[in-house]
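Trainee: I have a new model to look at. Can you show me how to read its features, one at a time?

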Amino acid sequence: MTPDKSTDLLIVITTFGSLEDAKKMAHQLIESRLAACLQIQEGVHSIYRWDGKICDGKEVLLSAKTIADKWIDISNFIKSHHPYNLPEVIAYAPEKYEAHYGKWVESEVK
């Protein structure tokens, strides 16, 4: 954690209907320097209400490591490049993380 909150680590998550879509987004976020590292997890079981119906199916979870200063940019990028009409875009800031890792993330998105 840093005195300048704009460089604090931020983890942004979103989901996709396919591994291919998640990989495509991951590469775009790395190439555009909006994220330093991404993890993709298949086999997430999602249950939600959409258009008045309860949906039950598999999704792919994408977690992006970035800094707080990139929140608006990464959120807008995901929304504009995501195949879903209303993508989940949620961020959380870990209370604690290893300082050298945080510096690496910061250097990769600058």
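Mentor: Start with a term. Contact means heavy atoms within 4.5 Å. Keep in mind that this is a predicted model.

Trainee: Which residues of helix 1 meet helix 2?

Mentor: From helix 1 come M25, Q28 and L29. In helix 2 they meet I74, F77, I78 and H81. By class, the residues of this contact are five nonpolar, two polar and no charged.

Trainee: How do I describe the packing of two helices?

Mentor: Two packed helices are described by the angle between their axes and the distance between the axes. Here helix 1 covers residues 19-31 and helix 2 covers residues 71-81. Their axes are 11 Å apart, at an angle of about 145°. The crossing of helix 1 and helix 2 is right-handed.

Trainee: Which strands does each of these helices lie across?

Mentor: Helix 1 lies across strand 1, strand 2 and strand 3. It runs at about 130° to strand 2. Helix 2 lies across strand 1, strand 3 and strand 4. Its direction is at about 10° to strand 1.

Trainee: Now the sheet. What is the order of its strands?

Mentor: The order is 2-3-1-4, in an open sheet of four strands with antiparallel pairing. Strand 2 (37-50) and strand 4 are at the edges. Each has a single partner strand, so one side of each has no neighbour in the sheet. From one strand to the next, the twist averages 30°.

Trainee: How many bridges join strand 1 to strand 3, and how many join it to strand 4?

Mentor: Strand 1 pairs with strand 3 (residues 53-67) over eight bridges, antiparallel. One of the partners to find is I67 in strand 3, which bridges to L9. Strand 1 and strand 4 (residues 90-92) are joined by three bridges, also antiparallel. On that side, I11 stands opposite Y92, and V12 stands opposite A91.

Trainee: Where do the side chains of a strand point?

Mentor: In a regular strand the side chains alternate between the two faces of the sheet. Check strand 1: L9, I11, I13 and T15 point one way. L10, V12, T14 and F16 point the other way.

Trainee: Is strand 1 buried or exposed?

Mentor: Buried. Eight of the eight residues in strand 1 (residues 9-16) are buried, so the rest of the structure largely encloses this strand.

Trainee: Take I90 in strand 4. Is it buried, partly exposed or exposed?

Mentor: I90 has 42% relative accessibility, so it counts as partly exposed. The cut-offs explain the call: buried is under 20% and exposed is over 50%.

Trainee: What is I90 in contact with, beyond its neighbours within four places in sequence?

Mentor: I90 is in contact with I11, V12 and I13. You can also place I90 against W71, 19 residues apart along the chain. Their C-alpha atoms are separated by 9.9 Å.

Trainee: Last feature: aromatic rings. How do I read a pair?

Mentor: A pair of aromatic rings is described by the distance of the centres and the angle of the planes. This structure holds one aromatic pair. The ring centres of Y101 and W104 are 5.7 Å apart and the planes are at 40°, so this pair is tilted.

Trainee: Where do Y101 and W104 lie?

Mentor: Both are in helix 3 (residues 99-109). They sit three residues apart, about one turn of the helix. Y101 is partly exposed, at 30% relative accessible area. W104 is also partly exposed, at 35%.

Notes
Residues are numbered from 1 along each chain as its sequence is written. This is a predicted model: local features need pLDDT of at least 70, side-chain atom pairs count only at pLDDT 80 or more; totals for chains, interfaces and linings use all residues. Side-chain values use heavy atoms; hydrogens and water are left out. Buried means under 20% relative accessible area, exposed over 50%, partly exposed in between (1.4 Å probe, protein chains only). Helices (H or I, at least four residues) and strands (E, at least two) are DSSP runs, numbered from the N terminus. Two strands pair if DSSP finds at least two bridges between them. Axes are lines fitted to C-alpha atoms, for helices over the stretch in contact, and angles run from 0 to 180 degrees between N-to-C directions. A crossing is left-handed if the near helix is turned anticlockwise from the far one by less than a right angle, and right-handed if clockwise. Ala, Val, Leu, Ile, Met, Phe, Trp, Tyr, Cys and Pro count as nonpolar, Asp, Glu, Lys and Arg as charged, and the others, Gly among them, as polar. Rings of Phe, Tyr and Trp (its six-membered ring) pair if their centres lie within 6.5 Å; planes under 30 degrees apart count as stacked, over 60 as edge-to-face and the rest as tilted.
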